[in-house]
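Reader: I am new to this structure and would be grateful for a close look at a single part of it. Please choose one strand, describe its surroundings, and then set it in the context of the chain.

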Amino acid sequence: MTLLEQYMDCMQKGDCVALADLFTDHGVIHDSSTIKAGMDTLHLEGKMAIEMMFHHKFGFNGGPGIRYFDERIVWYFITYNGKVVPVMATLSEMEDGKIKRLNIYPL
């Protein structure tokens, strides 16, 4: 499985700990899709911050399906504050087989 496939698998299972373990110790999620749900952009650094965000504020909504474009880009639906937002996640940096930076944009 690619890193993005593992990432999506963890989200579908709701496994926040395994999801955070896909990131380097100082891995980053920069998520501007939250703007579509009336929230501020999320910029998280570190496994603990990533795990806590997915544990408390995130809702995965597979919607009509997950679409992989390549090993670095995936489209899916995410739910923030009860609002479903179509997003594109781009794996922009990797280090030692882990995610160093993942950018999430609204579609």
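Author: A residue is called buried under 20% relative accessible area, exposed over 50%, and partly exposed in between. With a relative accessible area of 37%, F69 is therefore partly exposed. The model discussed here is predicted, and the part chosen for the close look is strand β7, residues 98-106.

Confidence comes before geometry. Among the elements of the protein chain, β7 has the highest mean pLDDT, 97, whereas strand β3 (residues 59-61) has the lowest, 61. For the protein chain the mean pLDDT is 90, and 93% of the residues reach 70 or more.

Strand β7 pairs with two strands that can be described in turn. With strand β1, which covers residues 23-31, the pairing is parallel and extends over 5 bridges. Within this pairing, H30 has N103 of β7 as its bridge partner. With strand β6, residues 83-95, the strands run antiparallel and are joined by 8 bridges. Here L91 finds its bridge partner in L102 of β7.

The connection from β6 to β7 deserves attention as well. The two strands form a hairpin with 2 residues between them, and D96 takes a positive phi near 50° there. D96 belongs to the loop between β6 and β7. Its relative accessible area is 78%, so D96 is exposed. From the C-alpha atom of D96 to that of E51, 45 residues apart along the chain, the separation is 20 Å.

The surface offers a further feature. F69, W75 and L107 make a nonpolar patch of about 270 Å². Of these residues, F69 is the one whose partial exposure was given at the outset; F69 lies in the loop between β4 (67-68) and β5 (73-80).

Finally, the cysteines may be considered. The whole structure, when searched, yields 0 disulfides. A disulfide requires two cysteine sulfur atoms within 2.5 Å. The sulfur closest to that of C10 belongs to C16 and is 9.2 Å away, which is too far for a bond. Likewise, C16 is in no disulfide, its nearest cysteine sulfur being that of C10. C10 has a relative accessible area of 10% and is therefore buried. C16, at 14% relative accessibility, also counts as buried.

In summary, β7 pairs in the parallel sense with β1 and runs antiparallel to β6, with the exposed residue D96 in the loop that leads from β6 to β7.

Methods: Residues are numbered from 1 along each chain as its sequence is written. This is a predicted model: local features need pLDDT of at least 70, side-chain atom pairs count only at pLDDT 80 or more; totals for chains, interfaces and linings use all residues. Side-chain values use heavy atoms; hydrogens and water are left out. Two strands pair if DSSP finds at least two bridges between them. Helices (H or I, at least four residues) and strands (E, at least two) are DSSP runs, numbered from the N terminus. Patches are made of residues with over 30% relative accessible area and no salt bridge: like charges are joined within 9 Å, nonpolar side chains (Val, Leu, Ile, Met, Phe, Trp, Tyr) within 5 Å. Accessible areas come from the Shrake-Rupley method with a 1.4 Å probe; for residues, only the protein chains shown count as cover. A salt bridge is a side-chain nitrogen of Lys or Arg within 4 Å of a carboxyl oxygen of Asp or Glu. Buried means under 20% relative accessible area, exposed over 50%, partly exposed in between (1.4 Å probe, protein chains only). pLDDT is the predictor's confidence in each residue, from 0 to 100.
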